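Reader: I have a chain to look over before I set anything up. Please walk me through it in short exchanges.

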Amino acid sequence: PVSTLSHSLCLFVFSSPAVTSYTSQVAFPPLAQTSMYSAFPQTGQTYGLPPFGALWPGIKTETGLPEAPSGGQPGFLSFSAAYTSTQPGQLHYSYPSQGKLQPHSVSHDNPVIFLLQIYKTWKNKDRFGLKTCYNSLGQSQFSQYYNMPPSYVPAGLPSSEDHGASVGVAGYSAVKSEEARIFLWDLDETIIIFHSLLTGSYAQKFGKDPATVLNLGLQMEELIFELADTHLFFNDLEECDQVHVEDVASDDNGQDLSNYNFLADGFNGPNSGGASGATTGVQGGVEWMRKLAFRYRRLKEIYNGYKGNVGGLLSPMKRDLLLRLQSEIENVTDAWLSTALKSLLLIQSRGKCMNVLVTTTQLVPALAKVLLYGLGDVFPIENIYSATKIGKESCFERIVSRFGKKVTYVVIGDGRDEEFAAKQHNMPFWRISTHGDLVSLHQALELDFL
């Protein structure tokens, strides 16, 4: 009865006066796929980001930079392993995903939508993990600037109370939207333009008038050394330079310096041992070291007191000169400092990121430069290091020992010294050589690629 009922229902639904039924024939043969439903070719799809030249003009492609991390590490964009692309031409990006996805050019009509999709995915770090996102996207999108050592692995989060004291992180899933990062900046020709004004290299490279550029450099140099000599004890400290302002703090007995006469205490630099009077002390002796420490303590007080108002240390004439030089240098360098400041201030606004300055200039003139170029509020004096005596590689070692290894360090500079030091310490390096490099750096920071 059941089979009879089923047969009746089938005849009711599908029977037609024009159809003849045969017992030896299959009632319902399978339908063949028509040609209008042909398979869609994957090679025509345009996944990927456009070359950054389309989004940030003026970017040049450099060769010889390390490739992105190996494809064995899964990326946060997952594709079938069978997917391959044969898109020709030079590639600006590479995603280390499970398959061999090679990026294609996106139509310039609407590249921002795809960027926003990538940005939303990047924001969801808790699902995908910092290690994958940082290695695959953070470097490769800006490969012509961002030089990451092949063995680089980003660290976990430090404690928020002590600027990166080492604490462990149980897996990458605990990484939040604000990772602790220390940005190690070079000064000359990275943040400010100064040395190349004097050598003429800036005028030659960017087609500026050599005489005008040199004159601006000489005037700024005069202001730097006048400030250093007059208020920052450079005459006393030139031959006893330190890497950091706290290097001789252990020799300071905490004496009140409000009425202390630095001009009459008998300290005359490292050769003071030959001066008359027993109160002068011998170089390296307890008294001499204490007076040296007094000067660095006072130097720190002056820096902190005038970091937002360096004009208070200058005469009215010199103050006007400084304002004019700042304006003219900014004009002749096409707003180089203002462009760099955008990135510095963006980093400073983050809760767990920090700017640290490592320069080959002696410490006292470096502090004078920072003040005169208006960077005192960006770099606390505790975050300024001079590599004159020990080199940048050793400076980086000191910084790592201070903040710990659980912090991600990013080196930004224009020279081979910091690039080599970054490589030795397995730190990513961002090269600055043109205005476009500064613009791209700011864009990378805005999109949380750094």
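The exchanges below go from the whole chain to single residues.

Reader: What kind of model is this, and how many helices and strands does the chain have?

Author: The model is predicted. Its secondary structure was assigned along the whole chain. The count comes to 15 helices and six strands.

Reader: What percentage of the 450 residues count as buried?
Author: Buried means under 20% relative accessible area. The chain still exposes about 22,600 Å², and carbon and sulfur atoms supply 54% of that area. Of the 450 residues, the buried portion is 47%.

Reader: For contacts with a separation of 6 or more, what share comes from residues 24 or more positions apart?
Author: Take the contacts in the chain with a separation of 6 or more. Residues 24 or more positions apart account for 74%.

Reader: Which residues have the most contacts inside the largest nonpolar core?
Author: That core has 75 residues. Helix H9 (residues 286-306) gives the largest share, nine residues. A second, separate core has 20 residues, among them Met-354 and Val-407. In the largest core, the residues with the most contacts are Trp-185, Ile-191, Leu-375 and Phe-379.

Reader: Which residues does Ile-191 touch, not counting those up to four places away in sequence?
Author: Ile-191 is among the residues with the most contacts inside the largest core. Its list includes Trp-185, Leu-375 and Phe-379. In full, Ile-191 touches Trp-185, Asp-186, Trp-336, Leu-337, Ala-340, Leu-344, Leu-357, Leu-375 and Phe-379.

Reader: Is Ser-343 buried or exposed?
Author: Ser-343 lies in helix H11 (residues 336-349). Beyond its neighbours within four places in sequence, Ser-343 is in contact with Trp-185, Leu-438, Leu-441, His-442 and Leu-445. Its relative accessible area is 1%, so Ser-343 is buried.

Reader: How many of the residues of strand S5 are buried?
Author: S5 spans residues 408-413. Thr-408, Val-410 and Ile-412 lie on one side, and Tyr-409, Val-411 and Gly-413 on the other. Both faces are covered. The buried count for S5 is six of six.

Reader: Which residue of S5 is the bridge partner of Ile-182?
Author: Strand S2 (residues 181-185) pairs with S5 in the parallel sense, over five bridges. In S5, the partner of Ile-182 is Tyr-409.

Reader: Which helix joins S5 and strand S6 in a right-handed β-α-β unit?
Author: S5 and S6 (residues 429-431) run parallel and are joined by three bridges. One bridge sets Ile-412 against Trp-430 in S6. The helix in the right-handed unit with S5 and S6 is H14 (residues 416-424).

Reader: Which residues of strand S3 point the other way from Cys-353, Asn-355, Leu-357 and Thr-359?
Author: In a regular strand the side chains alternate between the two faces of the sheet. In S3 (residues 353-359), seven of seven residues are buried. Pointing the other way are Met-354, Val-356 and Val-358.

Reader: Which helix makes a right-handed β-α-β unit with S3 and S4?
Author: S2 and S3 run parallel over five bridges. S3 and strand S4 (residues 384-386) also run parallel, over three bridges. Thr-359 stands opposite Ser-386 in S4. The helix in the unit is H12 (residues 363-372).

Reader: Why is the pair of Tyr-202 and Phe-206 tilted?
Author: The structure holds eight aromatic pairs. In this one the ring centres are 4.6 Å apart. Planes under 30 degrees apart count as stacked, and those over 60 as edge-to-face. The planes here stand at 35°, so the pair is tilted.

Reader: Which residues form one aromatic cluster with Phe-233?
Author: Phe-233 and Phe-262 form a tilted pair, 4.9 Å centre to centre with 50° between the planes. They are 29 residues apart. Phe-233 is buried, and so is Phe-262. The other cluster members are Tyr-260, Phe-262 and Phe-294.

Reader: How far apart in space are Asp-229 and Pro-365, C-alpha to C-alpha?
Author: Asp-229 is in helix H7. At 32% relative accessibility, Asp-229 counts as partly exposed. Asp-229 and Pro-365 are 136 residues apart in sequence. In space, the C-alpha to C-alpha distance is 9.0 Å.

Terms used:
Residues are numbered from 1 along each chain as its sequence is written. This is a predicted model: local features need pLDDT of at least 70, side-chain atom pairs count only at pLDDT 80 or more; totals for chains, interfaces and linings use all residues. Side-chain values use heavy atoms; hydrogens and water are left out. Helices (H or I, at least four residues) and strands (E, at least two) are DSSP runs, numbered from the N terminus. Buried means under 20% relative accessible area, exposed over 50%, partly exposed in between (1.4 Å probe, protein chains only). Contact means heavy atoms within 4.5 Å. Two strands pair if DSSP finds at least two bridges between them. A crossover is right-handed if, with the strands pointing away from the viewer, the path from the first strand over the helix to the second runs clockwise. A nonpolar core is a set of buried Ala, Val, Leu, Ile, Met, Phe, Trp, Tyr and Cys residues joined through side-chain atoms within 4.5 Å. Accessible areas come from the Shrake-Rupley method with a 1.4 Å probe; for residues, only the protein chains shown count as cover. Rings of Phe, Tyr and Trp (its six-membered ring) pair if their centres lie within 6.5 Å; planes under 30 degrees apart count as stacked, over 60 as edge-to-face and the rest as tilted.
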